[in-house]
Amino acid sequence: MLKQCLTAALLMFALASSAMAQDNSTFRVTLLGTGTPNPNPDRFGPSTLVQAGNLNLLFDAGRGNTIRLWQLKVPLGSLDEVFLTHYHSDHVNGLADLWMTGWLPPVYAGRKQPFNITGPTGLQALTDGLVSAFENNAKVRIADEKLPPEANRFNVTEFDEQVGGVVYEKNGVRVTAFSNLHGDLIHPSVGYRIDYQGKSVVISGDTRKSKTVVEHSRGVDLLIHEVAAARPELLEALPRLQPIMNHHTTPQEAGEVFSEAKPKMAAFTHFVLLANQDYPPMTPAEIETATRETYDGPLAMGQDLMAFDLSGDKVRVIPWNSDR
């Protein structure tokens, strides 16, 4: 039995080491979670992994991001920086899991350094709250399991939503933050642009149709944008749902953003699909049809673990295959 356990552990280590083997030409984006607060096993909470050169950067930490990372054989401890777009629960409810589980010693975790995290104003308060909430857990694990105390610490970079600008620059990778339009009362809220070796990707964050998203996305290789859709009959029957739609971007509006920005590839994530027992959610095919009313360029209907390779002349869409 011991021999079998050791063999399994070595196999996991080999898989992890292989997954971590990135070179300077690597520029890959993977949608870890394309969902919402809904506990949907097919669409985990909002989270996107950007691998540029030898860096692993995570944008938002929604529910289940730890599971998706390990499906990719990316150890939680190998993340170089985590970026948050805003503080709605579905974008941060996987943060505690990522932080604490990534501190554990097994091969799927193994963080030895502080947890590096960047976000708009309010991030320090959030991380301080997590440290307080998990204080007893940390004390026990340090005393009992001899985990490194420094790796339980948050290294926080906080910036002003309205100022934005370059918030991270390392090994040729530049991350720029910009404000978006999630709603009059929802501040801070930002999107991010990531540039590496002449290629670029924009992650819109949660937003209504926004001029700043368009401005930062003009001519990018990949524009990842949120989308919200509901059948008109549903909104007529339940007008209380309209405020939710007012915080997001319809397929037609997203199509207008894509048409103005002209990315090489557009992709949807964070599918806000309102429905009830009488009116089912709009399907991806219906959302694509609605988007085509205002946009006729390349478009990917995002799914969990769908990846995009930006290292070549064209953006290559890679559907998830558990064998890869």
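Strand E12 (residues 265-273) supplies three residues to the lining of the second largest pocket, the largest share from any one element. The structure described here is a predicted model. The volume of this second largest pocket comes to about 240 Å³, and 14 residues line it. Thr36, Pro37, Ile244, His248 and Val272 are the lining residues that lie nearest the pocket centre. Sorted by class, the lining of the second largest pocket holds seven polar residues, five nonpolar residues and two charged residues.

A helpful place to turn next is helix H5, which spans residues 123-133. Leu123, Thr127 and Leu130 of this helix are buried. Viewed down the axis of H5, the buried residues fall within an arc of 55 degrees, so they line one face of the helix. That buried set packs against three partners: helix H4 (95-101), strand E5 (115-120) and strand E6 (154-159). The other side of H5 carries Ala125, Ser132 and Ala133, which are exposed.

Further along the chain comes a pair of strands worth a look on screen, E7 (residues 165-170) and E8 (residues 173-179). These two strands run antiparallel and are joined by five bridges. Within the pair, glutamate 169 stands opposite arginine 174 in E8. Together E7 and E8 make a hairpin, with two residues between the strands. One residue in the turn, asparagine 171, has a positive phi of about 50 degrees.

Key:
Residues numbered from 1 in each chain as written. Predicted model: local features only at pLDDT ≥ 70, side-chain atom pairs only at ≥ 80, totals over all residues. Heavy atoms only, no water. 1 Å grid on protein atoms, 1.4 Å probe; cavity = no way out; pocket = protein on both sides within 12 Å on 5 of 7 lines; lining within 4 Å. Points joined across faces, edges and corners; volume = space filled by probe spheres on them. Helix = DSSP H or I, 4+ residues; strand = E, 2+ residues; numbered from the N terminus. Nonpolar A, V, L, I, M, F, W, Y, C, P; charged D, E, K, R; others polar. Pairing = 2+ DSSP bridges. Buried < 20%, exposed > 50% of the residue type's maximum accessible area, 1.4 Å probe, protein only. Arc of directions from axis to C-beta. Contact = heavy atoms within 4.5 Å.
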